[in-house]
Amino acid sequence: LPADDIVVSRYLDRPLLIDGYKFDLRIYVAITSFEPLRVYVFDEGLCRFSTERYVLPDSAASLANQYIHLTNYSINKKSAAFVANDDAEADDYGNKWSLSALRRCLARNSVDVATLWESIDDLIVKTLVAVEPSVSAACRRHLPHKASCFELLGFDVMIDDDLKPWLLEVNHSPSLAADTPLDLKLKSCMLADLLTLASFRPYDAAAYRRREAR
């Protein structure tokens with residue numbers, strides 16, 4: 001098969017657990033330029049938990065229980081054990097936390113949170129450097145100016161029990177759905193920061209028509 005038809009993945013059999021549950025991180029990343037590379041990582045984000053306690057898989061059949069091995073919110077919200085977060089201020093409750101709540105939990109358990117987040121930032125930058133040639137080439141072909149666009153990405157990251165972050169995937173169009181009050185709080189703040197960063201201005205249709213009429 002051609003190289004671009006192959007995906008190689010690795011199962012992380014020693015994930016970091018909280019109360020016995022697997023979790024992953026959704027980190028929002030804005031890129032305003034690839035030449036030079038300008039990357040902004042939103043300080044807040046989401047921590048998504050599985051709904052059944054983790055056990056090391058010992059066979060293909062033991063991997064069949066998605067509620068143990070997968071942390072996807074879209075899957076785990078269908079579980080009978082799913083606990084919804086109905087209060088944006090209680091951000092360390094249920095199967096979806098804020099990243100702030102996760103950092104507090106890790107700090108209470110003697111994790112060097114600053115060093116861990118430096119490793120996550122390093123992972124993000126290296127991922128973007130890896131795709132820079134193809135993205136920059138596409139920008140030169142299709143954009144009138146390199147500063148005429150921006151991109152929001154959703155990085156999904158898992159941490160192993162050695163506190164090493166691993167990239168699960170990069171979402172080109174991360175979900176902005178607000179299923180819970182916590183979603184609404186975090187994503188609205190993130191979008192406000194993103195639009196400010198991109199220097200968006202309110203569109204004045206009347207002013208545009210006056211300019212066109214001159």
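Which residue forms a salt bridge with D24, and how far apart are the closest N and O atoms? I began my notebook with this pair. The partner is R48, and the closest N and O atoms are 2.8 Å apart. I note that the model is a predicted one.

**Entry 1: the charged pairs around R48**

I looked up where the two residues lie. D24 is in strand β1 and R48 is in strand β2, so the salt bridge ties together parts that are 24 residues apart in sequence. I then checked how much of each is covered. D24 counts as buried, because its relative accessibility is 3% and the cut-off for buried is under 20%. R48 is buried as well, with a relative accessible area of 10%.

I followed R48 further. R48 also forms a salt bridge with D156, with the closest N and O atoms 3.2 Å apart. This pair links distant parts of the chain, since R48 is in strand β2 and D156 in strand β4, 108 residues apart. D156 is buried, at a relative accessible area of 4%. I wrote down the network that results: D24, R26, R48 and D156 are joined by salt bridges that share partners.

**Entry 2: N171, beside D156**

I moved from D156 to N171. The side chain of N171 makes a polar contact with the side chain of D156, at 3.1 Å. N171 is in strand β5, which covers residues 165–171. Is N171 buried or exposed? I found N171 buried, with a relative accessible area of 18%. Leaving out residues up to four places away in sequence, I listed what N171 touches: R26, L152, L153, G154 and D156. R26 and D156 are both members of the salt-bridge network I had noted above.

**Entry 3: a salt bridge with more accessible ends**

I looked up the count of salt bridges, and it comes to 13. One of them joins R14 and D162, whose closest N and O atoms are 3.2 Å apart. R14 lies in the segment before β1 and D162 in the loop between β4 and β5, so this pair ties together parts that are 148 residues apart in sequence. R14 counts as partly exposed, at 42% relative accessibility. D162 counts as exposed, at 55%.

**Entry 4: the nonpolar cores**

I recorded a general point before looking at the interior: nonpolar side chains tend to be buried together in soluble globular proteins. Which residues of the largest nonpolar core touch the most other members? They are F23, L25, I27, L102 and W117, in a core of 28 residues. At least two residues of this core come from each of β1 (23–34), β2, α3 (99–108), α4 (113–142) and β4 (151–159). Helix α4 gives the largest share, seven residues.

I took L102 as one example. Apart from neighbours within four places in sequence, L102 is in contact with I18, F23, L25, C47, W97 and W117. Another core, of nine residues, lies apart from the largest one, and F42, L152, L182 and L194 are among its members. I had already met L152 as a residue that N171 touches.

**Entry 5: a nonpolar patch on the surface**

I searched the surface next. L37, V125 and V129 make a nonpolar patch of about 210 Å². L37 is in strand β2, residues 37–49. L37 counts as partly exposed, at 31% relative accessibility.

**Entry 6: Y67**

I looked up Y67 and found it in helix α1, residues 66–69. Y67 is partly exposed, with a relative accessible area of 24%. Not counting residues up to four places away in sequence, Y67 touches S50, T51, E52, I75, N76, K78 and S79. I also checked the distance from Y67 to R53, which is 14 residues away along the chain: their C-alpha atoms are separated by 8.5 Å.

**Entry 7: the chain as a whole**

I ended with the overall figures. The protein chain has six helices and five strands, and along the sequence they follow the pattern β-β-α-α-β-α-α-β-β-α-α. The C-alpha trace spans about 70 × 45 × 35 Å along its principal axes. Of the 214 residues, 36% are buried. Among contacts with a separation of 6 or more, 63% are between residues 24 or more positions apart. The chain exposes about 13000 Å², and carbon and sulfur atoms supply 55% of it.

Definitions and conventions. Residues are numbered from 1 along each chain as its sequence is written. This is a predicted model: local features need pLDDT of at least 70, side-chain atom pairs count only at pLDDT 80 or more; totals for chains, interfaces and linings use all residues. Side-chain values use heavy atoms; hydrogens and water are left out. Patches are made of residues with over 30% relative accessible area and no salt bridge: like charges are joined within 9 Å, nonpolar side chains (Val, Leu, Ile, Met, Phe, Trp, Tyr) within 5 Å. Accessible areas come from the Shrake-Rupley method with a 1.4 Å probe; for residues, only the protein chains shown count as cover. A salt bridge is a side-chain nitrogen of Lys or Arg within 4 Å of a carboxyl oxygen of Asp or Glu. Helices (H or I, at least four residues) and strands (E, at least two) are DSSP runs, numbered from the N terminus. Buried means under 20% relative accessible area, exposed over 50%, partly exposed in between (1.4 Å probe, protein chains only). A polar contact is a pair of N or O atoms within 3.5 Å; within protein, one must be able to donate a hydrogen and the other to accept it, and residues adjacent in sequence count only if both atoms are side-chain atoms. Contact means heavy atoms within 4.5 Å. A nonpolar core is a set of buried Ala, Val, Leu, Ile, Met, Phe, Trp, Tyr and Cys residues joined through side-chain atoms within 4.5 Å.
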